[in-house]
Amino acid sequence: MSRIITVAAAQLGPNQKADSRAAIVGRMIALMEEAHGKGATFIVYPELALTTFFPRWYAEDRAEMDQWFERAMPGPDTQPLFDRARTLGMAMSFGYAELTPEGRHFNTSILVDRSGRIVAKYRKIHLPGHVDYDPERSHQHLEKRYFEPGDLGFPVWEFEGGRVGMAICNDRRWPETYRVMGLQGVEMVVLGFNTPSANSQRASESMADRMFHHRLSCQAGAYQNATFVVAVAKAGTEDGHHLTGGTLVVDPNGRLLGELDHEADGVLVVACDLDETRFGKETIFDFARHRRVEHYGLILERTGPGAPLGRPEQPA
Ligand code: ING
């Protein structure tokens, strides 16, 4: 028996500040048409798919950035995307900046089923960067200024015949992200990312380093939790600032099934048989049989590192 999800990792090229939501949604719809033509039934778009990566810009008054947030989902600009998805019978996931009725700001992603209904929401938990303007940096990375940490945890949903979870960008670098979902039997983690190619604090870090750490994070998370990982870039140069590419799909053994080698709009379509997660979950990563939670206490007790626990061996 196999449970195939034919997923389209739908990379977006750069979104400029001047680009309208409608124009960007138009590009997303074109990618959906292409994905549909290639047999996909589930399309995954990047983090902050509807706008430029605005946390690179400093604003004294944070309300200035509300222009980049969605107050309703779907809203007038995104409704055409939901309509097209429903017509094509395409499930989808994409990231956007969420402004709630209570005035809270999140870096959010959703799962939408084939009938166009939003069935799941995730809010980015690991926010990189800083809150205040940092003159030392070559460019700003102000996600901690404009977003609250997510308050929904790392849920996994029954979706498209399997167990699907979401993460966003920096989340992929933290093993906790995948393990919490692994402990819910996740079979496919979908995540979008906007990764600046220049490290604002370490100019020496090369693009090759950036891409190595990106792949390593996704492949390790996939292997150690016997899950597929679908990671989708918004790539290219946005108003003079470059974002890496690296849209890819990893199988439950940690192997790359495909990766886009460009920085424009494009789809990578992969048929993922969720039953391929079974072997890892029933053998080497059979958590119930092998994990020893009585020794993992520090993972919850400490946020940052503390004193070592080792004591000198007593002489016999
Ligand atoms: N971007 C980057 C990411 O985690 C980053 C920030 C880049 C952190 C490189 C560390 C190294 O991919 C977002 N949006 O999280």
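## Close-up views of a predicted model

**View 1. The cavity count comes to one.** In this predicted model, one cavity of 30 Å³ or more is counted. The largest cavity has a volume of about 70 Å³. Its lining is made up of 14 residues. Nearest the centre of the largest cavity lie Tyr45, Ser93, Ser109, Leu191 and Gly192.

**View 2. Three strands each add at least two residues to the lining of the largest cavity.** They are strand S3 (91-99), strand S7 (162-168) and strand S8 (188-193). What classes of residue make up the lining of the largest cavity? Nine are nonpolar, four are polar and one is charged.

**View 3. The ligand sits among 14 residues.** The closest of these are Glu143, Cys169, Asn170, Arg173 and Thr195. The shell around the ligand holds six charged residues. Four nonpolar and four polar residues complete the shell.

**View 4. Protein N or O atoms face oxygen and nitrogen atoms of the ligand.** Start with Thr195. An N or O atom in the side chain of Thr195 is 2.7 Å from an oxygen atom of the ligand. Next comes Arg173. An N or O atom in the side chain of Arg173 is 2.9 Å from an oxygen atom of the ligand. With Asn194, the backbone is involved: one of its N or O atoms lies 3.1 Å from a nitrogen atom of the ligand. How much of the ligand does the protein bury? Taken alone, the ligand exposes 370 Å², and the protein buries 85% of that.

**View 5. Glu143 is buried and makes a polar contact with Asn107.** Glu143 belongs to helix H3 (residues 143-146). Glu143 counts as buried because its relative accessible area is 1%, and the cut-off for buried is under 20%. The polar contact runs from side chain to side chain, at 3.3 Å. Glu143 is also among the residues closest to the ligand.

**View 6. Thr177 pairs with a backbone oxygen.** Thr177 is part of helix H4 (residues 175-182). Is Thr177 buried or exposed? Thr177 has a relative accessible area of 0%, so it is buried. A polar atom of the Thr177 side chain lies 2.8 Å from the backbone oxygen of Asp171.

**View 7. A cis peptide bond joins Met73 and Pro74.** Omega is about -5° here. Pro74 is placed in the loop between strand S2 (42-44) and helix H2 (79-88). For background, most peptide bonds are trans.

**View 8. Ala226 has a positive phi.** Most residues other than glycine have a negative phi. Phi of Ala226 is near 45°. Where is Ala226 found? The loop between helix H5 (207-224) and strand S9 (228-233) holds this residue. Ala226 is buried, since its relative accessible area is 1%.

**View 9. Asp239 also has a positive phi.** Its value is near 45°, in a residue other than glycine. Asp239 is placed in the loop between strand S10 (236-238) and strand S11 (241-243). Asp239 counts as partly exposed because its relative accessibility is 32%. That class falls between buried, under 20%, and exposed, over 50%.

Key. Residues are numbered from 1 along each chain as its sequence is written. This is a predicted model: local features need pLDDT of at least 70, side-chain atom pairs count only at pLDDT 80 or more; totals for chains, interfaces and linings use all residues. Side-chain values use heavy atoms; hydrogens and water are left out. A residue is near a molecule or strand if one of its heavy atoms lies within 4 Å of it. A polar contact is a pair of N or O atoms within 3.5 Å; within protein, one must be able to donate a hydrogen and the other to accept it, and residues adjacent in sequence count only if both atoms are side-chain atoms. Accessible areas come from the Shrake-Rupley method with a 1.4 Å probe; for residues, only the protein chains shown count as cover. Ala, Val, Leu, Ile, Met, Phe, Trp, Tyr, Cys and Pro count as nonpolar, Asp, Glu, Lys and Arg as charged, and the others, Gly among them, as polar. On a 1 Å grid over the protein atoms alone, a cavity is a set of points where a 1.4 Å probe fits but cannot get out, and a pocket is an open set with protein on both sides within 12 Å along at least five of seven lines; lining residues have an atom within 4 Å of a point. Grid points are joined across faces, edges and corners, and a volume is the space filled by probe spheres set on the points. Helices (H or I, at least four residues) and strands (E, at least two) are DSSP runs, numbered from the N terminus. Buried means under 20% relative accessible area, exposed over 50%, partly exposed in between (1.4 Å probe, protein chains only).
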